[in-house]
Amino acid sequence: MTQDRRHVGGYSPWEDQYGFTRAVAIGDFVFVSGCTAWDDGSVRFEGSPYDQTVAAFGVALDAISRFGLGKADVVRTRLYVTHARDTDEVGRAHRDILADVRPACTIVVVSALLDSRMSVEVEVDAYKKNMELP
């Protein structure tokens, strides 16, 4: 049985360049590509890991909303941070946004992101039983 597969694009200049999309829905799941505080050609909140995390989750939650899902449907998050010292601020932002949902979560310290002004990148997986694709 072939499942329907839907894509929604975002505003990343890298989507076409690298051949990916912001989010893919298949079956009852939505998988969101890495999101950052990138907006209209610039990095927002440079130097503030907390605010960059909030902005990145805004992008990710917007992507799942385009499939009719919300933060209550988030089942897993992955956070990539460029400095271990930022994990508390990034984790605090995660808690402030998703504490009532408590998804599975992984935080990984990486050497760099695509733009050196970025402190964090987030990925989100969401699930909704019998999701109907718009």
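Is R95 buried, partly exposed or exposed, going by relative accessibility? R95 counts as partly exposed, because its relative accessibility is 49%. The model under review is predicted, and the points below take its salt bridges, core, cysteines and surface in turn.

1. Salt bridges, overall and at R95. The whole structure contains seven salt bridges. One of them joins R95 to D96, with 3.5 Å between the closest N and O atoms. D96 is likewise classed as partly exposed, because its relative accessible area is 41%.

2. The K71–D100 bridge. The side chains of K71 and D100 also meet in a salt bridge, at 3.5 Å from N to O. This pair links distant parts of the chain: K71 belongs to the loop between α2 and β6, D100 belongs to the loop between α3 and β7 (104-109), and 29 residues separate them. K71 has a relative accessible area of 33% and is therefore partly exposed, whereas D100, at 61%, is exposed.

3. The R78–D125 bridge and its network. R78 and D125 form a salt bridge through their side chains, with an N to O distance of 2.9 Å. Here too distant parts of the chain are linked, since R78 sits in strand β6 and D125 in strand β8, 47 residues apart. D125 is buried, because its relative accessible area is 10%. The bridge does not stand alone: R78, E123 and D125 are linked in a network of salt bridges.

4. The nonpolar core. In soluble globular proteins, nonpolar side chains tend to be buried together. In this model the largest nonpolar core has 25 residues, and V30, V32 and F67 have the most contacts inside it. At least two core residues come from each of β2 (23-26), β3 (29-35), α2 (49-65), β6 (74-81), α3 (87-98) and β8 (120-127). The largest share, five residues, is supplied by α2.

5. Two residues of that core. Leaving aside residues up to four places away in sequence, V32 touches R22, A23, A60, A63, I64, E123, V124 and D125. Two of the residues named there, E123 and D125, also appear in the salt-bridge network with R78. F67 lies in the loop between α2 and β6, and F67 is buried because its relative accessibility is 3%. From F67 to V122 the C-alpha distance is 19 Å, with their positions 55 residues apart in sequence.

6. H94. This residue is placed in helix α3. Its relative accessibility is 10%, so H94 counts as buried. Beyond residues up to four places away in sequence, H94 is in contact with T53, F57, T77, L79, A99, P103 and C105.

7. Cysteines. Why is C35 not bonded to C105? The sulfur of C35 is 14 Å from that of C105, its closest cysteine sulfur, and this is too far for a bond, given that a disulfide needs sulfur atoms within 2.5 Å. The count of disulfides is zero. The two cysteines also differ in exposure: C35 is buried, because its relative accessible area is 1%, while C105 is partly exposed, because its value is 38%.

8. A nonpolar surface patch. Y18, F20 and L114 form a nonpolar patch on the surface, and together they have about 320 Å² of accessible area. Y18 is found in helix α1 (residues 14-18). With a relative accessibility of 49%, Y18 counts as partly exposed.

How values were computed: Residues are numbered from 1 along each chain as its sequence is written. This is a predicted model: local features need pLDDT of at least 70, side-chain atom pairs count only at pLDDT 80 or more; totals for chains, interfaces and linings use all residues. Side-chain values use heavy atoms; hydrogens and water are left out. Patches are made of residues with over 30% relative accessible area and no salt bridge: like charges are joined within 9 Å, nonpolar side chains (Val, Leu, Ile, Met, Phe, Trp, Tyr) within 5 Å. Accessible areas come from the Shrake-Rupley method with a 1.4 Å probe; for residues, only the protein chains shown count as cover. A salt bridge is a side-chain nitrogen of Lys or Arg within 4 Å of a carboxyl oxygen of Asp or Glu. Helices (H or I, at least four residues) and strands (E, at least two) are DSSP runs, numbered from the N terminus. Buried means under 20% relative accessible area, exposed over 50%, partly exposed in between (1.4 Å probe, protein chains only). A nonpolar core is a set of buried Ala, Val, Leu, Ile, Met, Phe, Trp, Tyr and Cys residues joined through side-chain atoms within 4.5 Å. Contact means heavy atoms within 4.5 Å.
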